[in-house]
Every structure is written in structure tokens, then in C-alpha cells.
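Student: I'd like to practise reading a structure with you, feature by feature. Could we go through one together?
Tutor: Gladly; here it is.

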Amino acid sequence: MRFLWTFPITLLLMVSAVSAANDPMEPSSALSFVNVSQEHGKDRIVEFWGYHDYQGSGDHSDTLRLRYYEPLQLDRWQGMLRLDTSYVSSYGSGLPNQNPGQYSAGSTFLTMWGGMPDWSVNLGARVVLPIGGSNQWAIGPQISTSFAPAKQNQSILADFSPLVRYLYGFAPKDGSSSGGSPQNPLLRSLSTYPTLGFHLGQDTQLRLWDENGILYDTARGGWFVPLDAMVTHRINQHFLFAIGASKQIVQTYQQYDWSIYGKLSFNF
């Protein structure tokens, strides 16, 4: 169980280190940060994602994902609701009955997060529905924060936005109390996204560990550590596109060997 606390403790240490740069009792540094966790967008956002994953052993999967963001506000509390749903086509030598272009329902989940104006973190939760590739319900809390340089025009760094989430699976669709199907055991996963954004131009950013994070299977043990990078470019105030790639560097918790992906994002 000690691994369960590895990423939350790491997150707190990183946040404390960044916060120390803003302590008025400390000497001023060349690069100071401000907490921007509560700068929630006011626009609705619709995103269309496409992924091609290589699982290894000749097996591939293509995923089409729809992602929608809805701003939320209740008195002084502000946040965001996010809906993800997808279709997946899996094929390869290890899947003889699957062919490219034959799509079936993929994962569907809801995520909500937010906070109060004086909070330095956002609290939230995710619910995974037992639809498509998931044979179980899953739910779990998350905590995130975000820092940006006080003088954006003097720094290549755009933001540092770490997030930690724990997901707990239950109620498998086959009715078993001991777990789901052999292909989909009950989920017990801890994930962290040490997201870093860098300015490549006025409207272009490089984002690391934004879409794919580090996972640890807390029930059976096993790590999935990818190197994940995405380049985003904003065309105008309503349209942004991105392309990215991810390659596993540690995989004792099976996810994928490599992945390429892209998105079209519209806000209104």
C-alpha cells in the first residue's frame, strides 16, 4: 500500500516547492509563479480526438473519441464538467475476428472538478460507466493544481499543472463479486499527470504528459510510465488543433507500446 501514496506525496512536494518561490519572506527569483488553479474557462468546448495505438505482438487499435466540456458555477464555487465517449476498432494477429473499420462502443466516463476562489487546488471525481470496453463501474477522486510564470512574456514555460487520480472498480456486469472477466479485472489504478506546458510561439505550445499520464496498478502491482508529448496550435479564439505521440518506457501494467493521436477543438 505504500505505493498508493507515492504520487500524492510527490505532488504535494512539487506544489510546496513552487509555492515557496512566491513566499514574500524568500529572496526574489528570476522565475516566480502564481497559482492559476481557479482560472476556469467560461466557454463550452467540443473536441474530436483520434488515436492509433500499437499494443504489441502485432495488435493495433483505432479510437474515435468525443469530448465535451461544460462550465459550472454554484455561488462562489466554479468548475468544469467533462464527458468522454468513444468508439474503438481493435485488430491484429492476436485478434483474428477483428478487422480495421469495425468499430464498437468504447469507454464512457464523466469527470467533474472545481474549487473556491481562495483555494490553491481543484477537487473532483471521475465516474466510469460500464459501457463498451469497460465491464464495470469505476469511481474515484482527483486533486489538481496549476501554476504559471508571473511574467509569461519572459518565460518559455507556460504552466505546470500536476494532477493525481485514483479509480476504484466495482459491480462488474457479469455479476461476479470477485472480479470482472479475465480480460477486464476490477480496476484499481493510481494515475498522475505531471503536466508541463512550453511556449513554442505566440499560439503554439508543447505539452508533456497532458493526455497520457503515469499509472500504477495498486491491486496487482505494476507500472506504466510513458513519454508523452503533444503540440497544440490555436488558429483563432474558437479553434485549436493538436497532434501528439506517446511511447511506453516502463510497462509492467499493460496499456500500449506506442500511440499517436490528434484532436480538433472548438470552443463557443
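Student: Let me start with strand pairing. In which sense do E4 and strand E5 (residues 104-105) pair, and over how many bridges?
Tutor: Keep in mind that this is a predicted model. To read a pairing, look for the direction of the two strands and then for the bridges. E4 and E5 pair in the antiparallel sense, over two bridges. One residue pair to look up is Val 88 in E4 with its bridge partner Ser 104 in E5.

Student: Which other strands pair with E4, and over how many bridges?
Tutor: Strand E3 (residues 59-74) pairs with E4 (residues 77-92) in the antiparallel sense over 16 bridges. Within that pairing, His 60 has Tyr 91 as its bridge partner in E4. Strand E6 (residues 108-115) also runs antiparallel to E4, and seven bridges join the two. There, Leu 83 is matched with Leu 110 of E6.

Student: What should I look at in the turn between E3 and E4?
Tutor: Count the residues between the strands, then check their backbone angles. The hairpin of E3 and E4 has two residues between its strands, and Asp 75 takes a positive phi near 60°.

Student: And what is the general rule for side chains along a strand?
Tutor: In a regular strand, side chains alternate between the two faces of the sheet.

Student: Now the whole chain. How many helices and strands does the secondary structure come to?
Tutor: The chain has one helix and 16 strands. Of its 268 residues, 43% count as buried. Sequence separation is also worth reading: among contacts between residues at least 6 apart in sequence, 54% join residues at least 24 apart. For the surface, the chain exposes about 14300 Å², and carbon and sulfur atoms supply 62% of that.

Student: How many salt bridges does a search of the whole structure find?
Tutor: The search finds ten salt bridges. For each one, read the distance, the location of both partners and their burial. Take Arg 44 and Glu 70, whose closest N and O atoms are 2.9 Å apart. This pair links distant parts of the chain, 26 residues apart: Arg 44 is in the loop between strand E1 (33-35) and strand E2 (45-56), while Glu 70 is in strand E3. Arg 44 is partly exposed at 38% relative accessible area, whereas Glu 70 counts as buried at 19%.

Student: Which salt bridge joins Asp 159, and what does the pair tie together?
Tutor: The side chains of Asp 159 and Arg 207 meet in a salt bridge, at 2.8 Å from N to O. Asp 159 lies in strand E10 and Arg 207 in strand E12 (residues 204-208), so the pair ties together parts 48 residues apart in sequence. Asp 159 is buried, with 10% relative accessibility, and Arg 207 is buried too, with 12%.

Student: Which side chain makes a polar contact with Asp 159?
Tutor: That is Ser 161, whose side chain joins that of Asp 159 in a polar contact of 2.6 Å. Ser 161 lies in strand E10 (residues 157-170). Is Ser 161 buried or exposed? Ser 161 is buried, because its relative accessible area is 17%, under the 20% cut-off. Leaving aside neighbours within four places in sequence, Ser 161 is in contact with Thr 145, Ser 146, Tyr 193 and Thr 195.

Student: Which residues are linked in a network of salt bridges?
Tutor: Arg 65, Arg 67, Arg 82, Asp 84 and Glu 211 are linked that way.

Student: How would I read a buried polar residue, and where does Asn 122 lie?
Tutor: Check what its side chain reaches. Asn 122 lies in strand E7 (residues 122-129) and is buried, with a relative accessible area of 6%. Its side chain reaches the backbone oxygen of Ser 37 at 2.9 Å, and makes a polar contact with the side chain of Gln 38 at 3.2 Å. Asn 122 and Ser 144 are 22 residues apart in sequence, with 5.2 Å between their C-alpha atoms.

Student: Last one: which residues form the nonpolar patch on the surface?
Tutor: Phe 48, Leu 66, Ile 235, Phe 241, Leu 264 and Phe 266 form it, with about 510 Å² of accessible area together. One of them, Phe 241, sits in strand E15 (residues 239-251) and is partly exposed, with a relative accessible area of 32%.

Definitions and conventions. Residues numbered from 1 in each chain as written. Predicted model: local features only at pLDDT ≥ 70, side-chain atom pairs only at ≥ 80, totals over all residues. Heavy atoms only, no water. Pairing = 2+ DSSP bridges. Helix = DSSP H or I, 4+ residues; strand = E, 2+ residues; numbered from the N terminus. Buried < 20%, exposed > 50% of the residue type's maximum accessible area, 1.4 Å probe, protein only. Polar contact = N/O pair within 3.5 Å; in protein donor to acceptor, adjacent residues only side chain to side chain. Contact = heavy atoms within 4.5 Å. Patch = residues over 30% accessible without salt bridge, like charges linked within 9 Å, V, L, I, M, F, W, Y side chains within 5 Å. Areas by Shrake-Rupley, 256 points an atom, 1.4 Å probe, with all protein chains shown as cover. Salt bridge = Lys/Arg side-chain N within 4 Å of Asp/Glu carboxyl O.
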